[in-house]
There are 2 protein chains.
Amino acid sequence: MESVFEIIAEPNRRAILSLLVSSQQSVGAIERQLRMPQPTVSKHLRVLRDAGFVESTVDAQRRFYRLKPERFQEVDAWLVPFRRFWSAQVDALERHLDRMDHTKKDQATPTKRKTRKTK
Amino acid sequence: MESVFEIIAEPNRRAILSLLVSSQQSVGAIERQLRMPQPTVSKHLRVLRDAGFVESTVDAQRRFYRLKPERFQEVDAWLVPFRRFWSAQVDALERHLDRMDHTKKDQATPTKRKTRKTK
DNA sequence: AACGCATATACTTGTCAAGGTATATATTGG
DNA sequence: CCAATATATACCTTGACAAGTATATGCGTT
């Protein structure tokens with residue numbers, strides 16, 4: 001399995017990771033929220049732990065899992081060159097900002113301004 | 001295959017994408033630089049194109065492939081909540097600053113000082 | 001000790017995707 | 001039109017991995 005990317009390629013694993021963003025969770029809690037069978041959850045957690053995405057602590061018969069940042073930062077690092085690339089693409093950047101539309105400041109932005117240059 | 005993550009889970013595909021960061025490339029160029037059989041290259045390029053990571057233009061019998069930013073931004077977007085999480089982790093932040101080393105005070109850091117608090 | 005709850009692991013099976021090899025398609029030059 | 005180059009596609013085989021089901025392990029309560 002190896003790589004960070006293979007780990008997060010699995011949808012259920014991404015779901016679990018997303019759950020853990022808010023706070024640590026027990027296996028049972030994950031199981032219920034994601035409506036997936038317990039062995040599935042345990043197995044994915046095993047993979048995630050071995051890969052360093054999460055860590056666990058024991059509380060009686062419960063195990064609580066929480067996120068660890070490092071591996072995510074790897075993904076972030078991988079993106080760097082591409083990010084450089086796409087911010088060179090002025091058009092793309094603009095489109096992106098448009099999509100996020102409600103940019104914080106400057107509430108006087110009337111509906112959907114589009115100052116495009118039609119390159 | 002579907003998801004962005006499944007696409008970039010494949011090492012050869014990531015290699016191809018990395019190659020294309022610098023500039024557009026023909027299939028043959030990729031083939032030679034990455035030392036992989038031509039059908040392999042073509043097949044991965046097909047996947048990447050269908051997934052919207054690259055686009056191609058024709059030049060005689062050559063096809064040039066180049067990056068498209070959108071799907072990368074999806075990955076970036078997925079990272080957002082986790083990024084928020086890990087910048088909350090003071091320790092991680094500290095480690096990060098440590099790595100950039102030239103923190104303001106105390107330039108007398110001998111070799112590899114680690115002033116950790118063993119939380 | 002026995003039971004019950006929470007979680008982990010073993011084993012089997014089906015699916016899917018990547019690689020290899022061969023072949024097809026397209027374009028250029030003679 | 002023929003040959004050569006560049007790229008795409010078809011087909012087959014293999015391996016990996018996720019799901020399902022069953023069972024094991026660990027801990028706390030009585």
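α4(A) gives 6 residues to the surface near DNA strand C, the largest share. On the surface near DNA strand D, the largest share is also 6 residues, and it comes from α4(B). The model is predicted. Chains A and B also touch each other, with 22 residues of chain A and 21 residues of chain B in the contact.

**DNA strand C**
- There are 22 residues around DNA strand C, and those that come nearest are Ser26(A), Val27(A), Gly28(A), Pro39(A) and Ser42(A).
- Two or more residues of this surface come from each of α3 (27–34), α4 and β3 (62–67) of chain A, and from α4 of chain B.
- The surface near DNA strand C is made up of 8 nonpolar, 9 polar and 5 charged residues.

**DNA strand D**
- Around DNA strand D there are 22 residues, of which Ser26(B), Val27(B), Gly28(B), Pro39(B) and Ser42(B) come nearest.
- Chain B supplies at least two residues from each of α3 (27–34), α4 (38–50) and β3 (62–67), and α4 (38–50) of chain A does likewise.
- By class, the surface near DNA strand D has 8 nonpolar, 9 polar and 5 charged residues.

**Contact between chains A and B**
- The contact takes 22 residues from chain A and 21 residues from chain B.
- On the side of chain A that touches chain B, α1 (4–8), α2 (11–22), α5 (70–88) and α6 (90–100) of chain A each give two or more residues.
- The largest share of that side is the 10 residues from α5(A).
- That side of chain A has 15 nonpolar, 4 polar and 3 charged residues.

Technical notes. Residues are numbered from 1 along each chain as its sequence is written. Chains are lettered from A and ligands numbered from 1 in the order in which they are written. This is a predicted model: local features need pLDDT of at least 70, side-chain atom pairs count only at pLDDT 80 or more; totals for chains, interfaces and linings use all residues. Two residues are in contact if their C-beta atoms, placed from the backbone, lie within 7 Å. Helices (H or I, at least four residues) and strands (E, at least two) are DSSP runs, numbered from the N terminus. Ala, Val, Leu, Ile, Met, Phe, Trp, Tyr, Cys and Pro count as nonpolar, Asp, Glu, Lys and Arg as charged, and the others, Gly among them, as polar. A residue is near a molecule or strand if its C-beta atom, placed from the backbone, lies within 6 Å of it.
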